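Let's take a walk through the open and closed spaces of a protein and the ligand that comes with it. Have the viewer ready and follow along.

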Amino acid sequence: MKAKIIIALDVPNADAIPAIVDALPSEIEYYKVGLELYSSDGPAALAYLKERNKKIFLDLKLHDIPRTVARAVSSAAKHNVQLLTIHSTGGKEMIKAASDAAKEAGNGMQIVAVTILTSMNQQNLTEIGMNKPITEQIMTLGELAISAGAHGLVCSPLEAQGFRNKLGLGPILITPGIRPAGADVGDQKRVATPASAVQAGANFLVIGRPILEAKDPKASAMAILEEIRGL
Ligand code: C5P
C-alpha cells in the first residue's frame, strides 16, 4: 500500500476546517479529528470533510469497559469514519469488543490501537506500576491489540520497523511524530522524517504543525508528498 498523509486538525472548532482543507493539495484524502475538535463540535466537525469527500481518522482513543467501548464504536460507525482509535491498555476483551463492533457495522471502519502514549517515558510507566522496559511494553501491547482483532496500531516511527518485523505486512501502522529534515521539532520527542517513517513500514503519516504552521502549507504538503512518492 502506498503511504498516505493524514492531516492533524488540531484546531479549537470546526470553523477553521474549510480554510485548511481548501488550501491543501486535493490528493490529500485523510484528516484527523481529535478530542479537542470533537469535544467542541461533535459530529458537526466532520461535516465539511464529508462534503469534500475526505476520509476521516477519528482519534477518540476510547478506553472503557468492553460494552461501553463497543457501543461507542457502533455510534462512531454511523458517521462513516474510516479509522477510529482505542487504547490497547483497555485489554484484550475491550479490543475484541471494539473490533467486533466495527465489523458488525459493516461499513469498513477500521480500529487502530494506541500502545503507550509518546508523551510517556520509562519513569512515567514506573509511576503507574508498569515495570517492563518501555519498548517491551509497547511491543506486548501492540501484539495483544492485533491478536485481539485490531486492524492496526498508532506508533512512533521509531517503533514501526519492530512492529513490521513481528507482525508482518497485515496491520496498518500509523505514525505521528513526523518532521521533515530541518523542521522545528516542537514538543515531539521521538521524531523521524517522512521518508524514514515510510521506509520503516508506516502506511499513514499523521502530520500537523510541519504543514499547518508552515509559511506555505500547500508547498510544505507537496514537498512531503514528493518525498514519500514511490517509496
Ligand atoms: O503537529 P504534529 O505533527 O506534532 O501533530 C501530530 C498529531 O498526532 C497531533 O494531533 C498529536 O496529538 C497526534 N499524536 C501524537 N502522538 C501519538 C498519538 C497522536 O503526536 N502517540
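What follows goes from the largest pocket to the ligand, then to a second pocket and a cavity.

Before anything else, keep in mind that this is a predicted model. The natural place to start is the largest pocket, with a volume of about 790 Å³. It has 35 lining residues, and those closest to the pocket centre are K32, K61, T118, P176 and Q188. If you prefer to find your way by secondary structure, look for β2 (30-34), α2 (35-41), β3 (55-62) and β8, the elements that each give two or more residues to this lining. As for chemical character, the lining of the largest pocket splits into 15 nonpolar, nine polar and 11 charged residues.

Now bring in the ligand. Where does the ligand sit? You'll find the ligand in the largest pocket, the one we just toured. Two elements give two or more residues to the shell around the ligand, namely β8 (204-207) and α10 (209-212). So β8 is worth highlighting, since you've met it already: β8 is also on the list for the lining of the largest pocket.

Zooming in, there are 13 residues around the ligand, and D10, R179, Q188, G208 and R209 come nearest. Sorted by class, this shell holds five nonpolar, three polar and five charged residues.

Some of these neighbours make polar contacts you can pick out by distance. D10 puts a polar side-chain atom 2.8 Å from a ligand oxygen atom, and R179 likewise has a polar side-chain atom 2.8 Å from an oxygen atom of the ligand. With R209, look at the backbone: one of its polar backbone atoms is 2.7 Å from a ligand oxygen. On its own, the ligand has 470 Å² of accessible area, and the protein covers 84% of that.

R179 and R209 turn up again if you move on to the second largest pocket, where both belong to the lining, along with residues including P180, D184, P210 and E213. This pocket has a volume of about 220 Å³. Its lining divides into six nonpolar, two polar and four charged residues.

Last stop: the enclosed space. How many cavities of 30 Å³ or more does a search of the whole structure find? The search gives one, and about 30 Å³ of space lies in the largest cavity. Its lining is made of T118, S156, P176, G177, Q188 and R190. By class, that is one nonpolar, four polar and one charged. Some of those names should ring a bell: T118, P176 and Q188 are among the residues closest to the centre of the largest pocket, and Q188 is also one of the residues that come nearest to the ligand.

Terms used. Residues are numbered from 1 along each chain as its sequence is written. This is a predicted model: local features need pLDDT of at least 70, side-chain atom pairs count only at pLDDT 80 or more; totals for chains, interfaces and linings use all residues. Side-chain values use heavy atoms; hydrogens and water are left out. On a 1 Å grid over the protein atoms alone, a cavity is a set of points where a 1.4 Å probe fits but cannot get out, and a pocket is an open set with protein on both sides within 12 Å along at least five of seven lines; lining residues have an atom within 4 Å of a point. Grid points are joined across faces, edges and corners, and a volume is the space filled by probe spheres set on the points. Ala, Val, Leu, Ile, Met, Phe, Trp, Tyr, Cys and Pro count as nonpolar, Asp, Glu, Lys and Arg as charged, and the others, Gly among them, as polar. A residue is near a molecule or strand if one of its heavy atoms lies within 4 Å of it. A polar contact is a pair of N or O atoms within 3.5 Å; within protein, one must be able to donate a hydrogen and the other to accept it, and residues adjacent in sequence count only if both atoms are side-chain atoms. Accessible areas come from the Shrake-Rupley method with a 1.4 Å probe; for residues, only the protein chains shown count as cover. A molecule sits in a cavity or pocket if more than half of its atoms lie within 2 Å of its grid points. Helices (H or I, at least four residues) and strands (E, at least two) are DSSP runs, numbered from the N terminus.
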